Amino acid sequence: MEPEYYKGSDAAAYERVHGDIFNSIEQQRLRSMLLDAVKSVRTGAGRVKALDFGCGSGNLTRHLIELGAHTTSADLSDDFLKDIRRKFSASGLSETLKLNGRDLADVPDAQFDLAATYSVLHHVPDYLAIVRELCRVVKPGGVLYIDHEATETYYRRPAAYVEFLRKARPRVNWRRYLSLALDVRGYVHILRRLRNPRYKREGDIHVWPDDHIEWDKIEAILADEGFEILVRRDYLLYKAIYDLAVYHEYKDRCADERVLIARRRTA
Ligand SMILES: C[S@@+](CC[C@H](N)C(=O)[O-])C[C@H]1O[C@@H](n2cnc3c(N)ncnc32)[C@H](O)[C@@H]1O
């Protein structure tokens, strides 16, 4: 059953509250990693056929289309899919796919040269089943791209990371407090959150508090499905609220997110 609050997904609001994604530093990192993923495809396809799993408002879709990939943007939310059609259908490289939240039942095996997902797995209770599904729909020589999922460091809070957060985040964020106080609709969300602690305003569920992504289990599935890991990179996510100088001081000393690029063996 689709959770009720996916129906209200609002792409503009989603992009507004996600300063952790829609900022130039994170966008540049993402673009360059996606370029690596596209270049790693060895299926022989003239034009890469890509899947953006859990596409939201089209964060990955935009880059994939700009990189020339024919992109299927897939999500649970009709509103997000409508937004994708509005923004990208003129490119001639875009199509949408409505998901059921559990699997890719309507997608035959080995359909895509590249399957990519960004900040989605921690929303999916049985995310390991989804990883298997993503493997299934990738062609031999095709690439699986998993990005923006927290590493254990994020949960364990080692000293350097705690120090980074203390220095990088504004001590008192008056702008945020003021905008929250004036946001009348926000009070409805607070009430919903009281009823359901897993409720998230932007229309997602986090599988909180157990939304740890078990990377070792993901890699075990990839090995089992015949994928080789090409890139495993931990990075410190830049959020728009961070002090930029502090971010640069710490970005090579600690990390809280991971990107993984793997390719399906051809034989
Ligand atoms: C944090 S958003 C990320 C959206 C987008 N990938 C981005 O980079 O901005 C999480 C997305 O996952 C979708 N989602 C949540 N649960 C899902 C599930 N079980 N199967 C597929 N998508 C899901 C949500 O509708 C939402 O679009």
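Around the ligand lie 19 residues, of which Gly54, Gly56, Asn59, Gly101 and His123 come nearest; a residue is near a molecule if its C-beta atom, placed from the backbone, lies within 6 Å of it. By class, this shell holds 10 nonpolar, seven polar and two charged residues. Here Ala, Val, Leu, Ile, Met, Phe, Trp, Tyr, Cys and Pro count as nonpolar, Asp, Glu, Lys and Arg as charged, and the others, Gly among them, as polar.

This is a predicted model, in which local features need pLDDT of at least 70 and side-chain atom pairs count only at pLDDT 80 or more, while totals for chains, interfaces and linings use all residues. Residues are numbered from 1 along each chain as its sequence is written.

The protein has 11 helices and seven strands; these are DSSP runs numbered from the N terminus, helices being H or I with at least four residues and strands E with at least two. A compact globule of 267 residues would have a radius of gyration near 18 Å, and the 19 Å of the protein agrees with this. The radius is taken over C-alpha atoms, and the globule rule is 2.2 Å times the number of residues to the power 0.38.

Of the 267 residues, 33% count as buried. A residue is buried if 20 or more other C-beta atoms lie within 10 Å of its own, exposed if 12 or fewer, and partly exposed in between, with C-beta atoms placed from the backbone. Three residues illustrate these classes.

| Residue | Location | C-beta neighbours within 10 Å | Class |
|---|---|---|---|
| Arg166 | helix H7 (159-168) | 10 | exposed |
| Ser119 | loop between strand S4 (112-118) and helix H5 (127-137) | 19 | partly exposed |
| His148 | strand S5 (138-150) | 23 | buried |

Phi of Ser119 is near 60°, a positive value in a residue other than glycine; for His148, phi is likewise positive, near 65°.

In helix H4 (residues 78-88), Phe80, Leu81, Asp83, Ile84 and Phe88 are buried. Seen down the axis of H4, the buried residues fall within an arc of 155°, so they line one face of the helix; the arc is that of the directions from the helix axis to the C-beta atoms. Their cover includes helix H1 (11-17), helix H3 (59-66), strand S2 (70-75) and strand S3 (94-98).

The largest nonpolar core has 49 residues, and Ala37, Leu114, Ala115, Ala116 and Leu144 have the most contacts inside it. Such a core is a set of buried Ala, Val, Leu, Ile, Met, Phe, Trp, Tyr and Cys residues joined through C-beta atoms within 7 Å.

How values were computed
Contact = placed C-beta atoms within 7 Å.
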